[in-house]
Amino acid sequence: MRRGELFLLTAPSGTGKDTLIDRVLTGEAGRDGALWHSISYTTRQPRSDEVNGEHYYFVDRKTFEAMTSKGEFLEWADYNDNYYGTSVREVVPRLERGIDVILDIEVQGAQQILEKRPESHGILVLPPSYEALRERLQRRGEDDDSQIAERLAVSLWEIERYELFGYAIINDDLDLAVLALTAIILEKRLRRDRQVHRIETILQGFRSAARGE
Ligand code: 5GP
């Protein structure tokens, strides 16, 4: 069986990444469980609406560090004074079963995976402009002015690294962004080498019919 594809989605905070991923998972690309959104480990505290094992696996620093030393992470990063990591177990068995996996990770993690697994697909989601992102963060009302300034500074650092990513989606229209991410995923599935098994089965049917079986 052909292995699944690994998609790395990186997006500055406030670019609408969570909604984008949810829409793609429940749409055409996620049909029949063909796409898995990997659940990361983190040492940060859960937000009020977050559920352990659904949004993240929330663990303490000791547990995270023990997992690191046992080599249980495909990648991990120290971001905003917290650890975030993708466990091997969450991703590799699914890829081996032919399921596509999407990781929602920051730049350092995406860079580690692209070095280790250059066949994976890096996708950067960008806001249409600096002003648009600043307005979105202000409208969201989660952060004060200094936190917003900090997020915008981190976004600059992330966008400056855009050349790491093979794909870019500028999210100025959510419907279009959903279509774009779906298109990237479906394009990989339409590769001939990923469909050899199905094509061969169809071909066998034609050959049997031609032989009058
Ligand atoms: P938040 O705390 O807002 O959920 O996430 C903060 C940042 O960490 C986001 O950019 C998110 O994409 C990233 N992130 C989430 N999980 C992982 C992970 O497993 N590895 C890495 N490197 N980054 C992650």
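Me: Which strands each supply at least two residues of the shell around the ligand?
Reply: The model is predicted: local features need pLDDT of at least 70, side-chain atom pairs count only at pLDDT 80 or more, and totals for chains, interfaces and linings use all residues. Numbering runs from 1 along each chain as its sequence is written, and side-chain values use heavy atoms, without hydrogens and water. Strands (E, at least two residues) and helices (H or I, at least four) are DSSP runs numbered from the N terminus. Those asked for are E5 (73–79) and E6 (82–87).

Me: How many residues surround the ligand?
Reply: A residue counts as near if one of its heavy atoms lies within 4 Å of the ligand. Ser40, Arg44, Tyr56, Tyr84 and Asp104 are the closest. The total is 15.

Me: How many residues of the shell around the ligand are charged?
Reply: Asp, Glu, Lys and Arg count as charged; Ala, Val, Leu, Ile, Met, Phe, Trp, Tyr, Cys and Pro as nonpolar; the others, Gly among them, as polar. The shell has 5 nonpolar and 4 polar residues. Its charged residues number 6.

Me: How far from a nitrogen atom of the ligand does a polar side-chain atom of Glu75 lie?
Reply: Two ligand oxygen distances can be set beside it. A polar side-chain atom of Asp104 lies 2.6 Å from an oxygen atom of the ligand. For an N or O atom in the side chain of Tyr84, the distance to a ligand oxygen is 2.5 Å. For Glu75 and the ligand nitrogen, it is 2.7 Å.

Me: What share of the ligand's exposed area does the protein bury?
Reply: Areas follow the Shrake-Rupley method with a 1.4 Å probe. Alone, the ligand exposes 520 Å². The protein buries 90%.

Me: Which pocket is the space taken by the ligand?
Reply: On a 1 Å grid over the protein atoms alone, where a 1.4 Å probe fits, a pocket is an open set with protein on both sides within 12 Å along at least five of seven lines; lining residues have an atom within 4 Å of a point. A molecule sits in a pocket if more than half of its atoms lie within 2 Å of its grid points. The ligand's space is the largest pocket.

Me: Which element gives the largest share of the lining of the largest pocket?
Reply: This pocket holds about 1,300 Å³ of space, a volume being the space filled by probe spheres set on the points. Of its 42 lining residues, Lys17, Asp18, Arg47, Tyr56 and Asp104 are closest to its centre. The largest share, 5 residues, comes from H1.

Definitions and conventions: A polar contact is a pair of N or O atoms within 3.5 Å; within protein, one must be able to donate a hydrogen and the other to accept it, and residues adjacent in sequence count only if both atoms are side-chain atoms.
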